Amino acid sequence: MSKSGYKSFSWDFFTLLFVAVYSTLSFARWPLQPQFIDIYYHLHTAWGFLQAGGYSSWDFWQYAPFGRVHIYPPFLHIVLAFFIKLGVDIVFLAKISEALTPSLFLFTVWYFVRRHFGRRLGFFSVFAFGSSFSFFLSLFNNIPATFAIILGILAADCLLRGRLLRCALLLALSYYTHIGAPWVFALAIIIFGLLEKGKAKVSFAVVLCAIIIALPVLLRELLALKSIQLTDMPDRYFCEFKVLDYILALLGVIIAVKKKGKYYLFVSLFLASFIFLLYPYRFFSAQGFLPIIFFSAILLDSLYEKLATTAVKMSAFFIFFGFFILLFSPTLLTERAQGHESAKLYLFDSVLHDMLLPLENRRIASTSLWNPDEYIRTSALIKKYSRPNDIIYANYHILSACLATLSGRANASALFPEIDPVKHFSPFRVARIIVLTKDNSPAAINYVVAKYKLRFLGENRLLIIFSNPLAKAEFIVPKPCVPFWVIGMILLIFAAVFILEDKIMPHNLIKKYLT
């Protein structure tokens with residue numbers, strides 16, 4: 001096929017083919033899902049909102065019965081609570097959240113790039129995505145951050161189209177979705193306004209409007225800063241360096257700067273992403289890698305334009321870069337554990353390779369925290385031998401969060417220990433149900449059983465379940481800060497303003513921005 005044979009349909013067809021392949025690989029992981037711990041926290045928080053009847057600023061469902069301040073932005077939890085209220089199964093929600101998120105992200109990236117930069121660059125953006133398995137994992141490991149990025153990309157789409165009020169609304173909504181990611185897009189919009197002549201005032205106005213709309217959640221986060229205990233978690237330094245991608249991206253930066261105009265948006269996003277340096281994993285291996293994908297795509301698009309002048313050259317182009325990006329894609333992995341740093345080189349570390357051959361790199365692609373038989377049966381036992389207001393505890397905080405989520409009970413432990421409970425206490429004294437893992441020594445289990453006079457309820461391959469007759473504590477549900485009916489009204493107003501933007505936004509301001 002000649003170069004001219006690649007009509008619009010072809011670029012879109014092959015892009016959607018890639019999206020379909022990655023979606024199929026995501027759903028093929030269904031038996032392993034939910035694979036990461038974060039979704040348990042989000043589902044349990046949604047359950048807590050349902051108990052309260054709306055948004056609660058007090059995390060009473062963790063560190064029960066005393067609780068702690070709750071600062072996580074609520075939008076995803078409100079959406080999950082809506083589906084739980086409709087009767088959607090918790091396990092299904094957890095699985096579909098992880099399986100569907102990468103596809104939504106890829107489709108959004110393609111939509112944005114295709115609309116503003118052409119079908120071919122849209123294709124290469126999806127093509128370049130296949131290089132980093134770590135970035136792929138981050139999409140469904142950090143679901144709120146992914147959705148905040150999706151909203152940020154859609155806000156950028158509205159910005160370039162002059163739909164300024166919609167841009168502000170979407171950016172504001174991203175603040176209600178994740179704590180960190182929205183600031184990257186806000187800063188990117190400001191930088192873009194400074195780089196593009198005559199756009200500074202409007203860019204500042206859009207960001208200011210978004211921040212004003214997001215003030216309730218931002219003030220809540222600011223006031224709660226004193227409650228956050230920053231810990232040096234090892235995963236902060238779990239970084240994967242994609243040297244070949246950095247070389248491609250560096251050349252792509254040069255091309256983007258030369259093209260100017262809308263391409264400054266990619267430059268702005270790259271400069272803004274340095275915020276993530278505070279958390280090296282996010283900068284090198286997760287959200288901060290997105291600009292690298294865009295710049296690599298820009299270089300590939302430029303090389304294709306110059307090199308693929310015949311069918312033979314075009315075939316050679318895709319064979320060469322297909323091998324280096326979709327298969328070879330070497331990665332230098334660095335870790336820090338117990339004060340010691342280590343490094344390892346993976347020669348084949350693309351999304352396709354690690355999804356199809358997960359055991360070869362001994363990576364997380366082949367592992368999961370999900371043990372359905374044991375967890376579901378244990379949750380059924382918890383429901384049978386406890387009351388709705390009782391508290392449970394397992395000796396691993398991840399397991400405790402999972403079982404609390406599945407059984408619909410409060411948790412004496414908690415995920416994300418950066419925020420301490422309002423009062424330190426022994427979970428064995430407050431939890432009606434105690435779950436111990438069998439990797440504990442028999443002596444340790446017998447000691448706990450004797451000390452707290454626990455009663456045996458059942459066991460399975462991994463767990464032993466006890467009741468705690470001495471525990472009398474129950475969690476107390478506070479009144480919601482914002483009831484669900486108020487949240488519903490706010491969302492209706494948001495939707496109405498979004499839809500009726502043309503009648504609300506002054507046309508002279510839009511015209512000024514576009515010219």
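Okay, one term before we start: when I say a residue is buried, I mean under 20% relative accessible area. And keep in mind that what you have on the screen is a predicted model.

So, with that term in hand, take strand S7, residues 391-394. Ile391 and Tyr393 point one way, Ile392 and Ala394 point the other way, and all of them are buried. Who does S7 pair with? That would be strand S8, residues 410-411, running parallel to S7 and joined to it by two bridges. If you want to find one of those contacts on screen, go to Ile391 and look for Ala410, its bridge partner in S8.

Another covered element is helix H6, residues 133-141. How many of its nine residues are buried? Nine of the nine. Reading along H6, those are Phe133, Ser134, Phe135, Phe136, Leu137, Ser138, Leu139, Phe140 and Asn141.

For contrast, go to Ile476, in the loop between strand S11 (463-467) and strand S12 (482-483). Is Ile476 buried or exposed? Its relative accessibility is 68%, and the cut-off for exposed is over 50%, so Ile476 counts as exposed. Now look at Pro65: in sequence, Ile476 and Pro65 are 411 residues apart, yet C-alpha to C-alpha they are 6.9 Å apart in space.

Right, aromatics. A pair of rings gets described by the distance of the centres and the angle of the planes. In this model the count comes to 63 aromatic pairs. One of them is Phe49 with Trp61, edge-to-face, with 5.9 Å centre to centre and 85 degrees between the planes. That pair links distant parts of the chain: Phe49 belongs to helix H2 (residues 38-52), while Trp61, twelve residues away, is in the loop between strand S2 (58-59) and strand S3 (68-69). Phe49 has 0% relative accessibility, so it counts as buried. Trp61 is also buried, again at 0%.

The next pair to look at is Phe112 with Phe117. Why is this one called edge-to-face? The ring centres are 6.1 Å apart and the planes sit at 65 degrees; over 60 counts as edge-to-face, so that's the label it gets. Phe112 is buried, with a relative accessible area of 4%, and Phe117 is buried too, at 12%.

Stay on Phe117 for a second, since a lysine turns up there: Lys262 lies over the face of the Phe117 ring, at 5.4 Å from the ring centre. There's a second contact of this kind at Lys259, whose charged end sits over the ring of Tyr263, 5.2 Å from its centre.

Now for the empty space. Rolling a probe the size of a water molecule over the atoms shows where that space is left. Closed cavities first. How many are there of 30 Å³ or more? Four. The largest has a volume of about 120 Å³. It has 13 lining residues, and the closest to its centre are Ile153, Ala156, Phe185, Leu265 and Leu269. Three elements give two or more residues to that lining: helix H7 (143-160), helix H9 (181-195) and helix H13 (264-272). H7 has the largest share, with four residues. As for chemistry, the lining has twelve nonpolar residues, one polar and no charged.

The second largest cavity comes in at about 60 Å³. Its lining includes Phe185 and Leu269 again, along with Ile149, Ala181 and Gln287, among others. H9 and helix H15 (290-307) each supply at least two of the lining residues, and the largest share, three residues, is from H9. The class split here is eight nonpolar, two polar and no charged.

Last stop, an open site: the second largest pocket, with a volume of about 530 Å³. There are 18 residues in its lining, and nearest the centre you'll find Pro74, Ile78, Tyr176, Ile487 and Ile490. Helices H3 (75-85), H8 (164-175), H11 (215-223) and H21 (484-499) are the elements giving two or more residues each. Which of them has the largest share? H21, with six residues. And the make-up of this pocket's lining: 17 nonpolar, no polar and one charged.

That's my tour, thanks.

Conventions. Residues are numbered from 1 along each chain as its sequence is written. This is a predicted model: local features need pLDDT of at least 70, side-chain atom pairs count only at pLDDT 80 or more; totals for chains, interfaces and linings use all residues. Side-chain values use heavy atoms; hydrogens and water are left out. Rings of Phe, Tyr and Trp (its six-membered ring) pair if their centres lie within 6.5 Å; planes under 30 degrees apart count as stacked, over 60 as edge-to-face and the rest as tilted. Buried means under 20% relative accessible area, exposed over 50%, partly exposed in between (1.4 Å probe, protein chains only). A charge sits over a ring if NZ of Lys or CZ of Arg is within 6 Å of the ring centre and within 35 degrees of the ring normal. On a 1 Å grid over the protein atoms alone, a cavity is a set of points where a 1.4 Å probe fits but cannot get out, and a pocket is an open set with protein on both sides within 12 Å along at least five of seven lines; lining residues have an atom within 4 Å of a point. Grid points are joined across faces, edges and corners, and a volume is the space filled by probe spheres set on the points. Ala, Val, Leu, Ile, Met, Phe, Trp, Tyr, Cys and Pro count as nonpolar, Asp, Glu, Lys and Arg as charged, and the others, Gly among them, as polar. Two strands pair if DSSP finds at least two bridges between them.
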